[in-house]
Amino acid sequence: MINHIPTSTNGSHPAHVRQVRCGMVLVVVLVVISVLSLAAYTFCDLMVTQHQATNLGTQQIQARWLIDSGVDAVRLYLLQDRETQESTGGHYNNPTYFQAINVVPDLDLQHLGNFTVIAPQVDDEGGLLGVRYGLEDESTRLNINILLTADKLIPDGGRTLLMALPGMELLDDPESIADAIMDWIDEDDEPREYGAELEYYQTLQPPYAPKNGPLETVEELLLVRGITPELLFGRDLNRNGILDEVAGGVGGGTGNPLAMGAGGMGMSMGASGTGAMSGGATDSSSLGVAAMDRGWSGYLTLHSKEKNVNAQGEPRIYLNGDDLTQLHKDLKDVFNDEWAQFIIAYRQADGDYDGNEDGTSAGEIKIDLNQAAKRPVNQVLDLIGKQVEISTEGKNVVLRCPFPEDGVIAYITQLMDNVTVNESPSIPGRININQASQSILAGIPGMSEEIVEQIISQRLVEPDPGDTSQQHETWLLTSLIVTLDEMKQLMPFITARGDVHRAQIVGYYEDGGAASRAEVVFDATGELPRIVFWRDISHLGRGYSLELLGFNYMEDGTSVAPTPALPTN
């Protein structure tokens with residue numbers, strides 16, 4: 001039987017059927033609206049995420065520009081004379097000048113960008129104590145490229161300097177590492193007593209040749225027999241001067257990639273598979289030496305130099321020039337007649353006078369400036385306590401020395417500040433005794449353990465403004481720490497201040513978002529400070545907490561003082 005749907009008398013569908021159809025349309029409309037809403041929400045969420053990513057990317061680029069601002073600020077600081085630098089707080093630890101310097105002002109923390117210039121704070125032995133806000137003097141490090149010069153000054157001088165590196169005495173065969181480094185940079189292929197030359201490196205897979213010349217990066221040492229990433233980079237894997245890494249990272253083997261990344265990844269990886277880890281070396285984690293926290297890379301450099309100028313920034317007088325008339329004129333501009341004429345007479349004399357005659361003041365005689373010089377001044381200290389005999393006006397005259405050995409303190413500062421035996425405008429590689437670690441000092445030829453202890457106990461790492469008592473390395477002599485003969489032996493290796501500086505510069509935003517970090521070395525020995533080394537280490541993270549880097553504003557817009565750089569007792 002066929003059922004028929006009842007219809008109304010006018011042929012239309014009943015009312016309840018029309019209501020069902022209307023209900024279905026409503027459901028479809030609601031579903032469509034929901035789908036469209038979800039799509040719109042997804043699209044909006046995607047756009048917000050894209051906007052945030054774009055902002056973060058832009059901020060990351062700006063963080064790199066914040067580093068550039070820090071670099072320019074450091075160069076501006078180094079462009080000033082020493083007196084102005086000291087009046088602004090110096091460069092050793094100066095939070096006012098180097099911490100949380102605002103570049104992008106904004107009450108919105110997301111858009112408030114700063115830079116901080118930061119360096120490791122170390123103890124006398126080189127162990128990490130935290131951070132300070134300022135620059136690290138490269139002359140506190142051992143310059144690898146002057147090791148061959150040290151060999152020329154004294155037998156095995158380069159090895160002596162290397163053997164004092166932290167932890168070296170605890171290695172199985174330290175002489176083999178020291179000699180291997182020397183063989184790597186010397187020009188010949190003849191191995192030293194414990195060294196390694198071309199014949200050894202050709203047996204590796206793949207084979208390669210030693211540099212036989214100056215290094216271009218410290219990380220090249222990873223190619224030298226016996227040097228491992230652990231020895232070179234230590235336990236401070238993110239290179240921030242703070243041992244905040246996971247305990248056991250180095251010893252457990254998880255630290256190597258970070259350590260290699262911190263110092264020229266490709267080279268360290270190339271060395272690790274070619275025998276560079278052989279030779280009886282021990283990694284830094286097993287040494288247990290606090291001074292090895294930074295590894296040897298924290299004690300080595302290629303860039304250390306100092307200006308050859310006086311306290312006013314003017315070039316010192318070169319004592320060994322051939323034109324004695326000009327030399328005499330230059331000396332009289334800064335010294336009295338007696339000093340100026342004695343120095344000329346010293347150059348013209350055949351040798352030192354060793355008789356018993358008291359002698360005449362050089363200021364009372366007439367010097368023949370047309371007479372050629374017969375000898376150079378090898379060291380400024382050679383003038384001290386010496387008498388000379390010269391011929392003047394047809395007779396021989398003995399001149400007493402205006403620089404008596406028992407009165408050094410009265411004249412040594414003026415003498416050291418104004419004259420030099422080095423014609424170069426800068427002097428490379430000497431070690432800053434006022435800031436170098438105990439291990440670096442101990443490696444200097446002629447430096448006994450007792451001398452090192454007295455230097456550390458008496459030196460002024462951060463002298464008060466205007467304090468010039470230790471502005472020259474000869475303060476060791478005036479403080480009676482060394483004798484005159486000992487001072488002469490140390491002079492080629494030491495200085496009281498360098499003019500090449502290293503620092504990490506962090507560009508960051510106060511909301512904790514984008515940040516960038518770079519390690520930079522500045523050479524201030526020329527007319528304009530220049531960058532001689534730049535390494536982007538942003539891949540190792542920001543490195544420091546926002547509290548250490550410093551804030552300028554809180555969320556309510558109020559000012560807040562930066563965090564102190566050093567702990568207080």
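These legends accompany close-up views of a predicted model.

**View 1. A negative patch on the surface.** Seven names to look for here are E405, D406, E449, E450, E453, D485 and E486, which together form a negative surface patch. Two elements each give two or more residues to this patch: α16, spanning 449-458, and α18, spanning 484-490. Of the contributors, α16 gives the most, with three residues.

**View 2. E453 in helix α16.** Now let us zoom in on a single member of the negative patch, E453. This residue is found in helix α16. E453 counts as partly exposed because its relative accessibility is 47%, and the partly exposed class lies between the buried limit of under 20% and the exposed limit of over 50%.

**View 3. The two sides of α16.** Look for I451, V452, I455 and I456, which are buried in α16. Seen down the axis of α16, the buried residues fall within an arc of 130°, so they line one face of the helix. On the other side of α16, the exposed residues are E449, E450 and S457. Among these, E449 and E450 also belong to the negative patch.

**View 4. A nonpolar patch on the surface.** Here the side chains to find are V25, L26, V29, L30 and I33, which make a nonpolar surface patch of about 440 Å².

**View 5. L30 in helix α1.** To finish, pick out L30 from the nonpolar patch. L30 sits in helix α1, which covers residues 15-79. With a relative accessible area of 49%, L30 is partly exposed, because the exposed class starts only over 50%.

How values were computed
Residues numbered from 1 in each chain as written. Predicted model: local features only at pLDDT ≥ 70, side-chain atom pairs only at ≥ 80, totals over all residues. Heavy atoms only, no water. Patch = residues over 30% accessible without salt bridge, like charges linked within 9 Å, V, L, I, M, F, W, Y side chains within 5 Å. Areas by Shrake-Rupley, 256 points an atom, 1.4 Å probe, with all protein chains shown as cover. Salt bridge = Lys/Arg side-chain N within 4 Å of Asp/Glu carboxyl O. Lys, Arg positive; Asp, Glu negative; His and termini not counted. Charge placed at Lys NZ, Arg CZ, Asp CG, Glu CD. Helix = DSSP H or I, 4+ residues; strand = E, 2+ residues; numbered from the N terminus. Buried < 20%, exposed > 50% of the residue type's maximum accessible area, 1.4 Å probe, protein only. Arc of directions from axis to C-beta.
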